[in-house]
Amino acid sequence: MTRSHLAACAGVLAAGLVTLTAQQPPAPAPPATTQPPPASVPTATQQPPVVGPQPPATTPPQSQVFRGGVELVSLNVTAMDGARYITDLTQDEFEVFEDGAKQQISFFARGQQHVALAVLLDTSASMDERLPTAQEAAVGFARRLKADDTMEVIDFDSQVHILQTFTSDQSALEKAIRETTANGSTALYNAVYISLKELKKVKASTVEDIRRQAIVILSDGDDTSSLVEYDEVLDLAKRSETAIYAIGLRSPSGGHRDFKEAEFVLRQLSQETGGRVFFPTSVAELPKIYDQIAEELASQYTLAYTSKNSLRNGAWRRVVVRLTRQGAVARTRQGYYGPGGSR
């Protein structure tokens, strides 16, 4: 279906957020609304629906259950010495603090672990000339997937289009990436919100099925057309266990007038979730950046602990990971919401 057809659907159904073009069981579109309705992201029909966004629902505490129903706070940690990734650390070289109190690490893993990735591509009209190069870089990123990794492809302009649901099929991912075309405005917040919801569906039934989750965003400007507010997106991101890697593609002229908000948003989303942000001035830098992200995801550690804080008030808890090896620095998400509470 062409984007003009999708735009026509949007005029009939509602102010659009997400278009599913992958094959999934049918579901009706919710009624039109000017505010995010409390509904889950729809699945595809033979005529892809366009629906409005939903506000963040009440969410359970974001802890990972590994065995025996014991709630563990899980952290994906990147360890670096300058620009070099450190991959040979032992558990004894990590120290975890929650609100200043040292915690006992009860789960530790290093080396390769399966990854679930959502790749978000800005296809607004301003990307027209740079989109072919951006496509090639994203295709190269998809080709670096390991056999048991999965990726989802989402593009966003005025609407959000899920072009390919999670799969390890590199040919399907490449086809989805190459089908993107530039048009419309920028619904960045809608796209991040939808991708976080999609990743939440990726559940691990056993320890062996646990996947590191990440979102990789490429955007070249401020949000201009989302229905979801940024504060809602940030809250959902902080409640997830998903690292956000953001690539803010500045204008080749170096002008920042239309990029100040996007720069702040991309930087904050990355910092809060333990990801990383990049601000290249040329699409020629994209392949190298995607390679850096792939290398980082393959070099991370996974830690888990049971919090010594027994309160169930849903309050935000600040987490800090320190490394005892000289010169080594750790990066992870900045905290999580404790159990209980209304959020």
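**Close-up views of a predicted model**

Among contacts in the chain between residues at least 6 apart in sequence, 77% join residues at least 24 apart. The views below are taken from a predicted model, in which the secondary structure of the chain comes to 7 helices and 18 strands, and 52% of the 343 residues count as buried.

**View 1. Helix α4 packs with helix α5.** Helix α4, which spans residues 188-200, and helix α5, which spans residues 230-239, pack at an angle of about 25°, and their axes lie 9 Å apart. Because angles under 35 degrees count as roughly parallel, α4 is described as roughly parallel to α5. The crossing in which α4 passes α5 is left-handed. On the α4 side the contact is made by Tyr189, Val192, Tyr193, Leu196 and Lys197, while α5 contributes Tyr230, Val233, Leu236 and Ala237. Sorted by class, the contact of α4 with α5 has 8 nonpolar residues, no polar residues and 1 charged residue.

**View 2. Strand β13 is largely enclosed by the rest of the structure.** Strand β13 covers residues 242-248, and 7 of its 7 residues are buried, so the strand is largely enclosed by the rest of the structure. In a regular strand the side chains alternate between the two faces of the sheet. In β13, Thr242, Ile244, Ala246 and Gly248 point one way, whereas Ala243, Tyr245 and Ile247 point the other way, and all of these residues are buried.

**View 3. Strand β12 runs parallel to strand β13.** Strand β12, made of residues 212-219, is joined to β13 by 7 bridges, and the two strands run parallel. Within this pairing, alanine 214 stands opposite alanine 243 in β13.

**View 4. An open sheet is built from 4 strands.** The strands of this open sheet follow the order β7-β6-β16-β18, and their pairing is antiparallel. Its edge strands are β7, at residues 101-103, and β18, at residues 335-337, each of which pairs on one side only. From one strand to the next, the twist averages 30°.

**View 5. Strand β6 is joined to the edge strand β7.** Between strand β6, at residues 94-98, and β7 there are 3 bridges, and these two strands run antiparallel. Here phenylalanine 97 stands opposite lysine 102 in β7.

**View 6. Helix α5 lies across strands of the open sheet.** The helix that packs with α4 in the first view also lies across β16, at residues 316-323, and across β18. Relative to β18, helix α5 runs at about 100°.

Terms used
Residues are numbered from 1 along each chain as its sequence is written. This is a predicted model: local features need pLDDT of at least 70, side-chain atom pairs count only at pLDDT 80 or more; totals for chains, interfaces and linings use all residues. Side-chain values use heavy atoms; hydrogens and water are left out. Axes are lines fitted to C-alpha atoms, for helices over the stretch in contact, and angles run from 0 to 180 degrees between N-to-C directions. Angles under 35 degrees count as roughly parallel, over 145 as roughly antiparallel, 65 to 115 as roughly perpendicular and the rest as oblique. A crossing is left-handed if the near helix is turned anticlockwise from the far one by less than a right angle, and right-handed if clockwise. Contact means heavy atoms within 4.5 Å. Ala, Val, Leu, Ile, Met, Phe, Trp, Tyr, Cys and Pro count as nonpolar, Asp, Glu, Lys and Arg as charged, and the others, Gly among them, as polar. Buried means under 20% relative accessible area, exposed over 50%, partly exposed in between (1.4 Å probe, protein chains only). Two strands pair if DSSP finds at least two bridges between them.
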